[in-house]
Amino acid sequence: MTDTNLSEAEEQGREPFSDLEAERIAEALVFASAEPVPESFLADRLPKGTDIGALMNRLAESYATRGVNLVRTGDRWAFRTAADLSFVIRKDDNEVRKLSRAALEVLAIIAYHQPVTRAEIEEIRGVQTSKGTLDVLMEAGWVRFRGRRRSPGRPVTLGTTTDFLDHFGLEELRDLPGLEELKGAGLLSGRIPPGLHIPMPGIDDDLSDEEDPITQLDLEELGLLSPSGGDEG
């Protein structure tokens, strides 16, 4: 128990939280949420000065051998079925439709090359990318518009989402398999082009120096919002 936590509790006229009570509160907050819970959300509801990372890591260790595990995705936490028990859980009603080969290729390019534009995706694949392919990935919640590239035409940049990390069991983008892992899993053919390089994406979602944030006007242009500023008839 820190002095900060103790003084806060005294000011509010209640007994100070013990470490066990803080863990129970965090556990309840994550359990009650349908979505992964940000550490900032937990910090707002636990005593000031609580080491959220250390607290959640202790909880994760206590759930490591249980039927459900506490897992971290970026800066968010969620309970998930233990990987070795996933076969007993039926997902028929909520299964995302099977992705086409083209959608898988586009998703992989976005994951490893983000921030990336549609033109860059097409250059890497060597074929044109249909709008429908990107729509499927966005409807699944795995791909999002990041920003606009500071280059002629200001093309939109694409990146993956927290839901993408959560679905594929990744804590962060650095957990994506590298070249040797992809080879070992049989996901790359034996005739790999010489000099093939799989880039390592950044570890956060911050815009790069070559990107500008997307504005409401950009969203209207992309057809994601109805035009504003006119009188309704």
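Over which ring does the charged end of Arg 45 sit? In this predicted model, the ring belongs to Phe 41. The charged end of Arg 45 lies 3.6 Å from the centre of that ring.

Aromatic side chains also meet one another. The model holds four aromatic pairs. Phe 31 and Phe 79 make an edge-to-face pair, because their planes stand at 70° and the cut-off for this class is over 60 degrees. The centres of the two rings are 6.4 Å apart, and pairing requires centres within 6.5 Å. This pair links distant parts of the chain. Phe 31 belongs to helix α2, residues 19–32. Phe 79 belongs to strand β3, residues 76–81. The two residues are 48 residues apart. Tyr 63 joins Phe 31 and Phe 79 in one aromatic cluster.

The two partners in the edge-to-face pair were also examined for accessibility. Phe 31 has 68% relative accessibility, so Phe 31 counts as exposed. Phe 79 has 17% relative accessibility and therefore counts as buried. The cut-offs are over 50% for exposed and under 20% for buried.

Strand β3, which carries Phe 79, also takes part in strand pairing. Its partner is strand β2, residues 68–73. The two strands run in the antiparallel sense and are joined over six bridges. Within this pairing, Asn 69 has Arg 80 of β3 as its bridge partner. β2 and β3 form a hairpin, with two residues between the strands. Gly 74 lies in the turn. The phi of Gly 74 is positive, at about 65°.

Notes. Residues are numbered from 1 along each chain as its sequence is written. This is a predicted model: local features need pLDDT of at least 70, side-chain atom pairs count only at pLDDT 80 or more; totals for chains, interfaces and linings use all residues. Side-chain values use heavy atoms; hydrogens and water are left out. Rings of Phe, Tyr and Trp (its six-membered ring) pair if their centres lie within 6.5 Å; planes under 30 degrees apart count as stacked, over 60 as edge-to-face and the rest as tilted. Helices (H or I, at least four residues) and strands (E, at least two) are DSSP runs, numbered from the N terminus. Buried means under 20% relative accessible area, exposed over 50%, partly exposed in between (1.4 Å probe, protein chains only). A charge sits over a ring if NZ of Lys or CZ of Arg is within 6 Å of the ring centre and within 35 degrees of the ring normal. Two strands pair if DSSP finds at least two bridges between them.
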